[in-house]
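Me: I would like to learn how to read a protein model feature by feature, with the general idea stated before each case. Could you take me through one?

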Amino acid sequence: MVWNDALAARKAARKAGLPFIGDAELQRLVLTQAKRRPERAWLAEVSSVVLQQSVRDLNVAYKNFFDSVSGRRRGPKMGLPVFKSRRDRRQSARFTTAAFSLTGQGRLYLAKIGEVEVRWSRALPAAPSSVTVIQDAAGRYFASFVVQVSDEGQVLSETGGEIGIDLGLTHYAVTSTGEKIANPKWLRRREKKLARLQRSLARKRKGSANRDKARVKLARQHAKVTDARRDFLHQNTTSIIRENQTVHIEDLAVRALARSRLAKSVTDASWGVFVTMLAGKAVRYGRTVTKIGRWHPSSQYCPCCGWKVGKLPLDIREWDCRCCGEHHDRDIAAAINILIEGRRINGSTVAAGPAGHGINDCGGQVRPG
């Protein structure tokens, strides 16, 4: 409500040709004066810190838009802030230091709310600077704390491991060492149940209590899919980072692939989140992640002699090199080529692969020409 009121005030001022409203003036219009009206009197029962934070978030959204237009902000283009819908079932509120505290009994005190019982997933490593209370579509509540810790104690001891990773749909990930990680296909597993719950929701009358119950049941199933996917990604990215000093991986155009005929499978795989987790954990634990260009033809070269086989149909999973006669698994060969390209980018000329692949034995270049 505060976000929408502040955004409406900004739009009205721009339409009237008035100068840009500052933070203090916007808070006075949206908060101080609004509480005096009967339809906004309930704002007095909400923590002022949370209300002011909503106004600040709107200002940050405007700043990101202007920086994106002027080119000062890197990354994807940001649009103008839009109104938030009351039908959005995911809600959140951020409390800063003055609006929350931790009690001795492991409870969380929130301003204007009181003490809240918390089931702790882990002990906080340091005093938190803020906490965000989140309610998801399934009706579950989460408390996300922001803490500042030193990275020195998290750096792992160096290891000589170095691998290339090829992401796919048949197998989720294939490494240059020959290891294949199965694709769990979290959404596909629950498709029939999700379809049944979706049909049940569609039959309920809008605004009824039964429709709300059906919506919660459907949201819980989607939450199970999300939780299982996140747990899988965390376990595998942590294992890869712990066992290897350097990881080479393709920089896939996930957003473009999500608009293809394989959109549901690509979205279910969450390759973008996988790469983001790898990069974040590499920085935290003192590892290196090298991203290979998305146009690199990793599946078109023989990793042994460098002969180019050309573009192969997706149904061909194994092939023989016409130059050296080596038999290759398509995914493993692609992972080895990613490893070779990653080492070339990092300035290393030595390539290595799993047993049975005579890769670059003499130490020369592995690409023709």
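The dialogue below goes through sheets, strands, cores and one helix residue in turn.

Me: What should I know about the source of the model before I start?

Reply: This is a predicted model, in which local features need pLDDT of at least 70 and side-chain atom pairs count only at pLDDT 80 or more, whereas totals for chains, interfaces and linings use all residues. Residues are numbered from 1 along each chain as its sequence is written, and side-chain values use heavy atoms, with hydrogens and water left out.

Me: How do I read a sheet, and in what order do the strands β2, β3 and β4 lie?

Reply: Strands of a sheet pair through backbone hydrogen bonds, either parallel or antiparallel. Helices (H or I, at least four residues) and strands (E, at least two) are DSSP runs numbered from the N terminus, and two strands pair if DSSP finds at least two bridges between them. Here three strands form an open sheet in the order β2-β3-β4, with antiparallel pairing; β2 (100-102) and β4 (114-117) are the edge strands, each pairing on one side only. The twist averages 25° from one strand to the next, where axes are lines fitted to C-alpha atoms (for helices over the stretch in contact) and angles run from 0 to 180 degrees between N-to-C directions. Three bridges join β2 to β3 (residues 107-110), and Ser 101 stands opposite Tyr 109 in β3.

Me: Which strands are at the edges of the open sheet β1-β5-β6?

Reply: In this antiparallel sheet of three strands, ordered β1-β5-β6, the edges are β1 (91-96) and β6 (141-146). Its neighbouring strands are turned by 20° against each other on average, direction ignored. Six bridges join β5 (residues 130-135) to β6, and Gln 135 has Tyr 141 in β6 as its bridge partner.

Me: How is burial judged along a strand, and how many residues of β10 are buried?

Reply: Buried means under 20% relative accessible area, exposed means over 50%, and partly exposed lies in between (1.4 Å probe, protein chains only). In β10 (residues 246-250), five of five residues are buried: Thr 246, His 248 and Glu 250 point one way, while Val 247 and Ile 249 point the other way. β10 pairs in the parallel sense with β7 (residues 162-167) over four bridges, and also with β11 (residues 288-292) over five bridges. Glu 162 stands opposite Thr 246, and Ile 249 has Lys 291 in β11 as its bridge partner.

Me: What is a nonpolar core, and which element supplies the largest share of the largest one?

Reply: A nonpolar core is a set of buried Ala, Val, Leu, Ile, Met, Phe, Trp, Tyr and Cys residues joined through side-chain atoms within 4.5 Å. The largest core has 23 residues, and Ile 165, Ile 249 and Phe 274 are among those that touch the most other members. Elements supplying at least two residues each include β7, β10 and α6 (209-243), while the largest share, seven residues, comes from α9. Beyond four places in sequence, Phe 274 touches Leu 167, Tyr 172, Leu 233, Thr 237, Ile 240 and Ile 249, contact meaning heavy atoms within 4.5 Å. Apart from this core lies another of 16 residues, among them Ala 6 and Tyr 62.

Me: Is Asp 67 buried or exposed?

Reply: Asp 67, placed in helix α3 (residues 48-70), is buried, with a relative accessible area of 10%. Leaving aside neighbours within four places in sequence, Asp 67 is in contact with Arg 72 and Arg 73.
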